[in-house]
Amino acid sequence: MASSSNLARIAGVAILLLGALPVAEAMTEFSAEVDCFNQQGDPVMKGEIYVSDDVIREEVGGDSPVSIRITDLFRGVSYLLDTVRHEYQERQEVFTVPRNPSQFCAEMALMECGYQEREQVNGVETEHWRAELGFGSLTIGVDGWYDPKIQYPLRIQWGGGRQLKLSKVKVGRIPSALLSIPFDYQRVDSIEGSVAEYFSDWP
């Protein structure tokens, strides 16, 4: 049976994938600042995100060394990078689906998934989508406020109240060097320490 922490991670991957278009259509590439808030609305983590057609780079921490995760949506894998040891760990991801919310809802076997209404988020008109994932006796709800202009959620909220918010969105081509593993990094079976700790809580 899946634990609640695993459900949160699975839901995080799922809702991140709620924002994209089918592979045949070009995505808007962009970068943004990301803030994560706990159930009480207090900021608990800060980072940056870089989104291209089929690769997402997340940086967490803000201080050196920064913790990095690169997710290849086409291959369905993610890489945790240890910038101190120059090592990386490869992991299989749960969902590898187009980030079009309507297609996501149509293709995934979810307890509930669908469009809710149009809402303003920081002055941007977004589409509010909601999904409910069930694993055995455990369920978790996820809401995403999707910005059609960048094909990505500006805000994500989990059933327990945790939230992730994007700000300072900059549309533009992402340098390919940010979306790949540096040539001098060595693959390892497991990454320990700050990198793993950051991304166990980061959606």
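# A guided tour from Glu 90 to the nonpolar cores

Begin by selecting Glu 90 and Arg 187, whose side chains make a polar contact of 3.3 Å. The model is a predicted one, and every stop on this tour should be viewed with that in mind.

**Around Glu 90.** Show the strand that holds Glu 90, namely S6, residues 87-92. Is Glu 90 buried, partly exposed or exposed? With a relative accessibility of 22%, Glu 90 counts as partly exposed, because the buried class ends under 20%. Next, display what Glu 90 touches beyond four places in sequence: Arg 75, Val 77, Ser 78, Tyr 79 and Arg 187. A C-alpha to C-alpha line drawn from Glu 90 to Ile 70 spans 9.6 Å, for a separation of 20 residues in sequence.

**Tyr 79 and Tyr 88.** Stay with Tyr 79, one of the residues that Glu 90 touches, and add Tyr 88. These two rings form an edge-to-face aromatic pair, with 6.0 Å from centre to centre and 70° between the planes. Both Tyr 79 and Tyr 88 are buried.

**Phe 30 and Tyr 152.** The structure holds three aromatic pairs; select Phe 30 and Tyr 152 for another of them. Their ring centres are 5.4 Å apart and their planes stand at 70°, so this pair is also edge-to-face; the class requires an angle over 60 degrees. Phe 30 belongs to strand S1 and Tyr 152 to strand S10, so the pair links parts of the chain 122 residues apart. Phe 30 counts as buried, at 0% relative accessibility, and Tyr 152 likewise, at 1%.

**The nonpolar cores.** Keep Phe 30 and Tyr 152 on screen and add Ile 49, Val 51 and Leu 166: these five have the most contacts inside the largest nonpolar core, which has 20 residues. Which strands each supply at least two residues of this core? Colour S1 (30-37), S2 (43-51), S9 (138-147), S10 (152-158) and S11 (163-171) to see them. The greatest share comes from S10, with four residues. Then turn to a second, separate core of 11 residues, where Val 55, Ile 70, Leu 179 and Tyr 185 are included.

**Asp 35 in strand S1.** Return to S1 and select Asp 35. Its relative accessibility is 17%, and Asp 35 therefore counts as buried. The side chain of Asp 35 is joined to that of Lys 46 by a polar contact of 3.1 Å. Beyond four places in sequence, the residues in contact with Asp 35 are Met 45, Lys 46, Gln 163, Leu 164, Lys 165 and Ser 167.

**Arginines over tryptophan rings.** Now select Arg 155 and Trp 145: the charged end of Arg 155 sits over the Trp 145 ring, 4.0 Å from its centre. A further such arrangement appears on selecting Arg 162, which lies over the face of Trp 158 at 5.3 Å from the ring centre.

**Confidence.** Finally, colour the chain by pLDDT. The average is 79, and 74% of the residues score at least 70. Which elements have the lowest and the highest mean pLDDT? Helix H1 (residues 4-16) has the lowest, at 45, and strand S12 (residues 186-187) the highest, at 95. Select residues 1-24, where the pLDDT is below 50; this stretch nevertheless has 78 contacts in the model beyond near neighbours in sequence. Where pLDDT is low, predicted coordinates should not be read in detail.

Definitions and conventions. Residues are numbered from 1 along each chain as its sequence is written. This is a predicted model: local features need pLDDT of at least 70, side-chain atom pairs count only at pLDDT 80 or more; totals for chains, interfaces and linings use all residues. Side-chain values use heavy atoms; hydrogens and water are left out. A nonpolar core is a set of buried Ala, Val, Leu, Ile, Met, Phe, Trp, Tyr and Cys residues joined through side-chain atoms within 4.5 Å. Buried means under 20% relative accessible area, exposed over 50%, partly exposed in between (1.4 Å probe, protein chains only). pLDDT is the predictor's confidence in each residue, from 0 to 100. Contact means heavy atoms within 4.5 Å. Rings of Phe, Tyr and Trp (its six-membered ring) pair if their centres lie within 6.5 Å; planes under 30 degrees apart count as stacked, over 60 as edge-to-face and the rest as tilted. A charge sits over a ring if NZ of Lys or CZ of Arg is within 6 Å of the ring centre and within 35 degrees of the ring normal. A polar contact is a pair of N or O atoms within 3.5 Å; within protein, one must be able to donate a hydrogen and the other to accept it, and residues adjacent in sequence count only if both atoms are side-chain atoms.
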